[in-house]
Amino acid sequence: MASVNENFLKLSAGYLFPEIGRRVREYKTRNPKADVISMGIGDVTQPLPPACIEAMHAAVDQMSRPETFRGYGPEQGYDFLIDAILENDYKSRGVQLHKDEIFVSDGAKCDTANIQEVFGADNVVAVTDPVYPVYIDTNVMAGRTGPAGKNGQFEQVVYMPCTAENNFVPDLPKQHVDLIYLCYPNNPTGAVAAKEQLKKWVDYALQNKSVILFDAAYEAYITDAEIPHSIYEIEGAKDVAIEFRSFSKTAGFTGLRCAFTVVPKQLKAYAKSSRAVDVNPLWLRRHTTKFNGASYISQAAAAAVYSSAGKKQCRQIIDIYLNNASRIRSSLHSLGYTVFGGVNAPYLWVKTPNNLSSWQFFDLLLNQANVVCTPGSGFGPAGEGFVRLTAFAKPENCLQALYRFAKIRL
Ligand SMILES: *Cc1c(COP(=O)(O)O)cnc(C)c1O
């Protein structure tokens with residue numbers, strides 16, 4: 001008799017986005033003429049930068065000729081891409097990394113999901129509340145948690161509330177934690193972490209022999225010169241932090257797929273005997289065993305992100321989203337809403353008016369404005385009383401949505 005991994009039974013079946021979909025479909029069935037605008041989904045809408053398209057056309061042509069055809073590439077990624085990453089994402093910010101510290105993949109979702117495999121089952125996991133659900137659900141699947149309680153939080157996990165009071169950057173935990181997931185610029189709150197705030201976490205990890213899993217998928221949205229793009233801009237971070245990057249939100253690769261993870265060679269975790277073990281070879285072993293490399297065509301497109309034309313084009317696209325964010329922020333502000341984020345991030349974290357619950361405001365917005373948001377409570381209890389708006393809509397849809405916001409009767 002085949003048994004199941006019972007840890008999966010602890011997960012409440014993917015509730016948030018299916019429930020949003022259900023309510024939107026139901027509304028559209030009742031109101032077939034309604035023009036519903038989504039400010040809910042974290043997906044880009046602008047097409048790929050032309051430099052990436054050109055690079056892909058060239059790569060496709062190479063694949064068509066015997067002399068230039070490429071089969072399996074290195075599992076860790078092609079040198080042409082890794083060199084561009086080292087030069088443009090790190091060296092330019094004063095961070096020296098080696099080629100074999102970069103692992104190219106087909107997504108930061110899988111990387112942030114898979115990284116826990118190289119760590120022991122008895123690690124205490126700390127996540128922020130609200131949180132990107134991937135970090136927590138994958139630890140549930142791996143058996144690092146107890147069952148979920150009434151508020152949806154899992155036993156044995158340390159949840160660190162992110163609130164307006166702490167600027168949505170968590171305070172250090174009171175109890176010892178081993179694996180710490182941080183994401184800045186943050187999804188869903190749109191908050192950023194300053195150098196001093198990250199320094200506190202790096203120092204905590206150094207003192208406690210913990211590892212920080214730093215998701216920097218939105219670093220390209222940082223416009224403020226004081227905000228670090230990489231955790232390695234913090235002294236000591238290479239000893240304690242793994243960083244995740246993605247071309248999804250930087251260059252519109254959500255449908256194309258390419259990302260990378262940085263595992264510094266000096267980063268250690270510990271065997272039961274307390275012996276320090278290098279984590280980089282463990283991740284290399286895992287990556288090369290379970291993954292056969294991102295497609296050559298995707299990697300060719302990713303390398304084009306770093307060409308001078310590619311950089312300019314990515315900047316233009318990101319500026320479209322940041323302009324949306326800025327418009328949403330100022331419009332809602334002038335309508336009397338309390339709004340966080342949306343400055344160095346494509347997300348806005350909006351306090352619901354009149355103490356409505358996240359879902360009550362979701363329904364009100366859908367019914368009165370035909371605008372879809374994401375209820376903050378879906379990301380954790382600290383998200384109750386907030387909704388997330390994304391700035392990824394086409395500018396004309398964004399303007400239309402704001403116009404409708406102004407007509408809401410509360
Ligand atoms: C979108 C997103 C990613 C990127 O995921 P990909 O698999 O690379 O598309 C990673 N982390 C967070 C928090 C995200 O919102």
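**Interface between domain 1 and domain 2**

No salt bridges (a side-chain nitrogen of Lys or Arg within 4 Å of a carboxyl oxygen of Asp or Glu) are counted between domain 1 and domain 2: the count is 0. The model is a predicted one, in which local features need pLDDT of at least 70 and side-chain atom pairs count only at pLDDT 80 or more, while totals for chains, interfaces and linings use all residues. Residues are numbered from 1 along each chain as its sequence is written, and side-chain values use heavy atoms, with hydrogens and water left out.

Polar contacts do link the two domains: 16 residue pairs, both at pLDDT 80 or more, satisfy the rule across the interface. Such a contact is a pair of N or O atoms within 3.5 Å; within protein, one must be able to donate a hydrogen and the other to accept it, and residues adjacent in sequence count only if both atoms are side-chain atoms.

On the side of domain 1 that touches domain 2, the elements giving two or more residues are α11 (308–334), β11 (339–341) and β12 (347–351). Of these, α11 gives the most, with 8 residues. Helices (H or I, at least four residues) and strands (E, at least two) are DSSP runs numbered from the N terminus. This side of domain 1 comprises 17 nonpolar, 7 polar and 6 charged residues.

Domain 1 and domain 2 bury about 3,000 Å² between them, with 63% from carbon and sulfur atoms; buried area is the accessible area (1.4 Å probe) that two parts lose on being put together, summed over both. In domain 1, K10, N344 and F379 lose the most area to domain 2, together 23% of what that side buries.

Conventions: Ala, Val, Leu, Ile, Met, Phe, Trp, Tyr, Cys and Pro count as nonpolar, Asp, Glu, Lys and Arg as charged, and the others, Gly among them, as polar.
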